[in-house]
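Colleague: I'm new to this model and would love a close look at one part of it, with its surroundings. Could you take me through it slowly and explain the terms as you go?

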Amino acid sequence: MLWQYVPIAIMLVLSMGLAALIVALGHLVGPSRPTHRKMIPYESGMVPIGPGMRRQPIRFYRIAMLFLLFDIEVVFLLPWAVVSRKLGLFGFIEALIFIAILLVGYLYAWKGGALEWE
Amino acid sequence: MVAYWIFALVSLLMVLAALVAVTNRNLVRATMGLVLVLFGNAVLFVLLEAYFLAVAQVIIYIGAIAILIVFAIMLTRHVGDAWGPAFHRAWAWAVVVAGGLAVGLLFWIAHWPAADGKAKSPVDPQYTKLLGKALVAPDGYVIPFEVASALLLAALIGAIYVAWGGRRVKGPYPQRSEEKEA
C-alpha cells in the first residue's frame, strides 16, 4: 500500500533537492562581490522605500475566506467523485443538489460584489 | 518495517516543527512550522491507510487554513517584531499539564493490546469508495450530506455579511491613489 506513495516521495526529494542544488550552485560557482547597492532589496531598480513587509489589504483575507468554504465543498465531492460513475443518475442528481445549494451562496457573493477586486 | 521508520522520522520532524511553531517569535516562521506539523499529520493518516483524511488534511488545512493564517499575519501591523514576553505567566502550569498528558498517553499506549505492532489497520482500504457511496445512499448519509451543503451556505453568507461590513457592497469602492498604480 505504502509503495503507491514512492513516486510522490521521489518527486518531493527531487523538487527539494533541485531547489537546494540551484541555490548551492549559485553560491559556489557564482562570483561574489557584494556592495551596499547590490545588497539592498530589489525593487524594479528604484531605491526601496519603507519596510520590506507592509500590511496587506484585508481583501486578500476575505477572498481566502471564501476560498476556504469552496475548498470544503471540494473535499465533500471528492469521495463522491471516486465512485460517481457507479452511482448512476441518482448519485449525480444528489451531487447536483449539493452544488446547487452552494451555488446560491456563490450567487450571493457575486451579486453582493464580494468577488470584485475593489 | 518501512512504515515504522517513516512513522519515527515523521513524528520526530513533527515534534521539531511543533517546537518551531510555538517558540519562534517570527510569526511567519511559526506558521511554516505549523504547516510542517499539518503535513506530517497527513503522512500519519497515510500510514494509517486513511487516504481520504490525508487528502482532506492537505486540501483544507494546508491549502486553505494555512493561507488564511498567512494572510491574517500579513494584514497585521509589526509582523516581524517580537513584542511582549515569549513565555506566558502560567508556563509552569502548562508544563505540568502537558507532562501529565504525555505520561498518561504513554501509559495508555503501552497497555494497548495493539501496541506490539502486529495489529492490522481496521480501515477498509476501499473506504474512500465506501464513503462516496454512503454519502449519496438514501439509507446512508444523504441527509447529512445535503445539510452540510446548507451549513456551508450559511457559513458563506455569514462570512460575507460580517466581512463586508453587514451591508451589500455595490460596485467598486473608490480607489486610493497608491493602489491605482498597481
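Modeller: Happy to; let's start with chain B, where 26% of the 182 residues count as buried (under 20% relative accessible area; exposed is over 50% and partly exposed in between, with a 1.4 Å probe and protein chains only). This is a predicted model, where local features need pLDDT of at least 70, side-chain atom pairs count only at pLDDT 80 or more, and totals for chains, interfaces and linings use all residues. Residues are numbered from 1 along each chain as its sequence is written, chains are lettered from A and ligands numbered from 1 in the order in which they are written, and side-chain values use heavy atoms, leaving out hydrogens and water.

Chain B has 7 helices and 0 strands (DSSP runs numbered from the N terminus: helices are H or I with at least four residues, strands E with at least two). Its pattern along the sequence is therefore α-α-α-α-α-α-α. About 12,500 Å² of chain B is exposed, and carbon and sulfur atoms supply 73% of that area (Shrake-Rupley method, 1.4 Å probe; for residues, only the protein chains shown count as cover). Among the contacts in chain B with a separation of 6 or more, 53% join residues 24 or more positions apart (contact means heavy atoms within 4.5 Å).

Now to individual residues, beginning with Val22(B), found in helix H1 (residues 2-23) of chain B. Val22(B) is exposed, at a relative accessible area of 65%. Ala86(B) is 64 residues from Val22(B) in sequence, yet their C-alpha atoms are 9.5 Å apart in space.

Next comes Val35(B), placed in helix H2 of chain B. With 19% relative accessibility, Val35(B) counts as buried. Not counting residues up to four places away in sequence, Val35(B) touches Ile62(B) and Ala66(B). Ala154(B) is 119 residues away from Val35(B) along the sequence, and 28 Å away from C-alpha to C-alpha.

Between helix H2 (27-47) and H3 of chain B there is a loop that holds Glu49(B). Most residues other than glycine have a negative phi. Glu49(B), by contrast, has a positive phi near 60°. Glu49(B) is also buried, at a relative accessible area of 16%.

In helix H3 of chain B we find Gln57(B). Gln57(B) is buried too, with a relative accessible area of 7%. Leaving aside neighbours within four places in sequence, Gln57(B) is in contact with Leu38(B), Asn41(B), Ala42(B), Phe45(B) and Ile62(B). For one of these partners, Asn41(B), the C-alpha atoms are 7.7 Å apart, with the two positions 16 residues apart along the chain. For another, a polar atom of the Gln57(B) side chain lies 3.2 Å from the backbone oxygen of Leu38(B).

Further along, the buried residues of H5(B) are Tyr127(B), Thr128(B), Gly132(B), Ala134(B), Leu135(B) and Val136(B). They pack against H3 and H4 of chain A as well as H3 and H6 of chain B.

That brings both chains into view. The largest nonpolar core has 29 residues, of which Leu66(A), Leu77(A), Ala114(A), Phe145(B) and Ile160(B) touch the most other members (a core is a set of buried Ala, Val, Leu, Ile, Met, Phe, Trp, Tyr and Cys residues joined through side-chain atoms within 4.5 Å). Two or more residues each come from helix H3 (59-82) and H4 of chain A, and from helix H3 (51-74), helix H5 (127-136) and helix H6 (142-163) of chain B. H3(A) gives the largest share, 8 residues. Apart from this core lies another, of 5 residues, including Val10(B), Met14(B), Ala17(B) and Leu44(B).

Phe145(B) is a good residue to click on. Not counting residues up to four places away in sequence, Phe145(B) touches Phe76(A), Leu77(A), Glu94(A), Ala95(A), Phe98(A), Leu135(B) and Val136(B).

A polar link between the chains involves Arg62(A), in helix H3 of chain A. Arg62(A) is buried, with a relative accessible area of 10%, and its side chain reaches the backbone oxygen of Ala163(B) at 3.2 Å.

Notes:
A polar contact is a pair of N or O atoms within 3.5 Å; within protein, one must be able to donate a hydrogen and the other to accept it, and residues adjacent in sequence count only if both atoms are side-chain atoms.
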